[in-house]
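Got the viewer open? Grab your mouse and follow along, one selection at a time.

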Amino acid sequence: MSNGSFFPEPGRRGGTLAIVLVTLIPACFVGWLLWTSLGGSKEDGAGGTSGPTTSSTFSPPPPSSGASVPSSPPASAGESGKPGEPSGKPGEPGEPGKPLKGKVVVIDPGHNPHNRDHPTQITRLVDIGTEKKECDTTGTATNSGYPEASFTLDVARRARTLLEARGATVRFTQDGDRPYGPCVDERAEIGNKAHADAVVSVHADGAAAGERGFHVILPKSVRGGGADTSAITAPSRQLGERLRGEFAKATGSAPAQYIGDGSGLDVRGDLGGLNLSTVPKVFIECGNMRDSQDASELTDTAWRERAARGIAQGITDFLNE
């Protein structure tokens, strides 16, 4: 107002109140509009006011109480996380690539490279239960002079590598580390004492030239002296049949026609290594060293590797039945 004039007191209070109300009401209204546009009440469902819609990737925050929520740790590689399923941890049943874990296999490399240097020791007679026979022999050889004892050691070592990679415990009757032998009775005893799940004696035949192929020798049911094969003839046949099939598949060789009626299986009761065995055991004659075509295979490194694979797979099939 001009000249410093004032309204009377009652009028002054009324005018001031009107001015304040005019200023506050629009501001409150604008504030209310902003509040509701931002989501209204945070108590979804409590007051009937719905909150903002969350996306499918939204992760809720921890509870307001501050207590942490335990979460399951992620399964490690190779673990299924399901009860009753193999964990895949090394050393546990079901470990991938270890189908023979816990199994004991004895491989008997026929003869010994040093037998020829100990004729007196290897020709002494030992009891095989049904009769007496020589402790051991030198084995045969190809016409070019490649010894059976060298062949059997090479194939046996290759098979050992394959079987151990599958988890088996593999033991040898000899590894070229003995002066001679062991004798046939001791060879059987090594497998017995090891409580072997399977024993395979590796050999190569010395038949007449022109005779070709491989065959597996099974134990005959014999009882006499220290021999009793009645408990092992059936499982030994199963082992022999698996060995025959896998050996033929791996090498491409056919069963010998000159023995066992071409079946690839021959049953004998005159071998101490079989007669005295108390665990499943067979011999395999991988081919005829005196035949030039068979000899060309037996002396070939790649073929011997295939032979070892056939032997290892035959044993694996038998032990996984």
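Two strands count as paired if DSSP finds at least two bridges between them. Helices (H or I, at least four residues) and strands (E, at least two) are themselves DSSP runs, numbered from the N terminus. What you're looking at is a predicted model, where local features need pLDDT of at least 70, side-chain atom pairs count only at pLDDT 80 or more, and totals for chains, interfaces and linings use all residues. Residues are numbered from 1 along each chain as its sequence is written, and side-chain values use heavy atoms, with hydrogens and water left out.

**Stop 1: the whole chain**

Start with a cartoon view. The protein chain has eight helices and ten strands. Of its 321 residues, 36% are buried; buried means under 20% relative accessible area, exposed means over 50%, and partly exposed is in between (1.4 Å probe, protein chains only).

**Stop 2: the sheet**

Now pick out the open sheet of six strands, which run in the order S4-S1-S5-S10-S6-S9 with mixed pairing. Its edge strands are S4 (169-172) and S9 (265-268), each of which pairs on one side only. From one strand to the next, the twist averages 25°. As a general rule, strands of a sheet pair through backbone hydrogen bonds, either parallel or antiparallel.

Select S10 (residues 281-288) and S5 (residues 198-205): these two run parallel and are joined by six bridges. Click valine 199, and you'll find its bridge partner in S10, lysine 281. Valine 202 stands opposite isoleucine 284, also in S10.

How do S6 and S10 pair? They go antiparallel, over three bridges. Try histidine 215, whose bridge partner in S10 is glutamate 285. While S10 is highlighted, note that eight of its eight residues are buried.

Over at the S4 edge, S1 and S4 run parallel, with four bridges between them. Here valine 106 stands opposite arginine 171 in S4. Which residues of S4 are on its covered face, and which on the uncovered one? Val170 and Phe172 are on the covered face, while Thr169 and Arg171 are on the uncovered one.

**Stop 3: helices across the sheet**

Turn on helix H4 (residues 184-193). H4 lies across S1 (104-109), S4, S5 and S10, at about 165° to S1. Next comes H5, which lies across S5, S6 (215-219), S9 and S10 and runs at about 30° to S10. For these angles, axes are lines fitted to C-alpha atoms, for helices over the stretch in contact, and angles run from 0 to 180 degrees between N-to-C directions.

**Stop 4: two residues in H5**

H5 covers residues 233-251, and glutamate 241 lies in it. Glutamate 241 counts as partly exposed because its relative accessibility is 28%. Add glycine 314 to your selection: the two residues are 73 apart along the chain, yet their C-alpha atoms are separated by 8.2 Å.

Threonine 251 is in H5 too, and is threonine 251 buried or exposed? It counts as buried, because its relative accessibility is 10%. The side chain of threonine 251 reaches the backbone oxygen of phenylalanine 247 at 2.7 Å and the backbone nitrogen of serine 253 at 3.1 Å. Leaving aside neighbours within four places in sequence, threonine 251 is in contact (heavy atoms within 4.5 Å) with Trp303, Arg306 and Ala307.

**Stop 5: the nonpolar core**

A nonpolar core is a set of buried Ala, Val, Leu, Ile, Met, Phe, Trp, Tyr and Cys residues joined through side-chain atoms within 4.5 Å. The largest one here has 37 residues, and those touching the most other members are Ile107, Phe151, Leu163, Val200, Cys286, Ile311 and Ile315. Elements giving two or more residues to this core include helix H3 (148-165) and helix H8 (301-319). H8 gives the largest share, eight residues.

Zoom in on cysteine 286. Beyond its neighbours within four places in sequence, cysteine 286 is in contact with residues including Phe151, Val202, Phe247, Trp303 and Ile311.

**Last stop: a loop**

Finish with alanine 141, in the loop between strand S3 (132-134) and H3. Alanine 141 counts as partly exposed because its relative accessibility is 22%. Not counting residues up to four places away in sequence, alanine 141 touches Tyr146, Pro147, Glu148, Met289 and Arg290. Glycine 206 is 65 residues from alanine 141 in sequence, and 7.4 Å away C-alpha to C-alpha.

How values were computed
A polar contact is a pair of N or O atoms within 3.5 Å; within protein, one must be able to donate a hydrogen and the other to accept it, and residues adjacent in sequence count only if both atoms are side-chain atoms.
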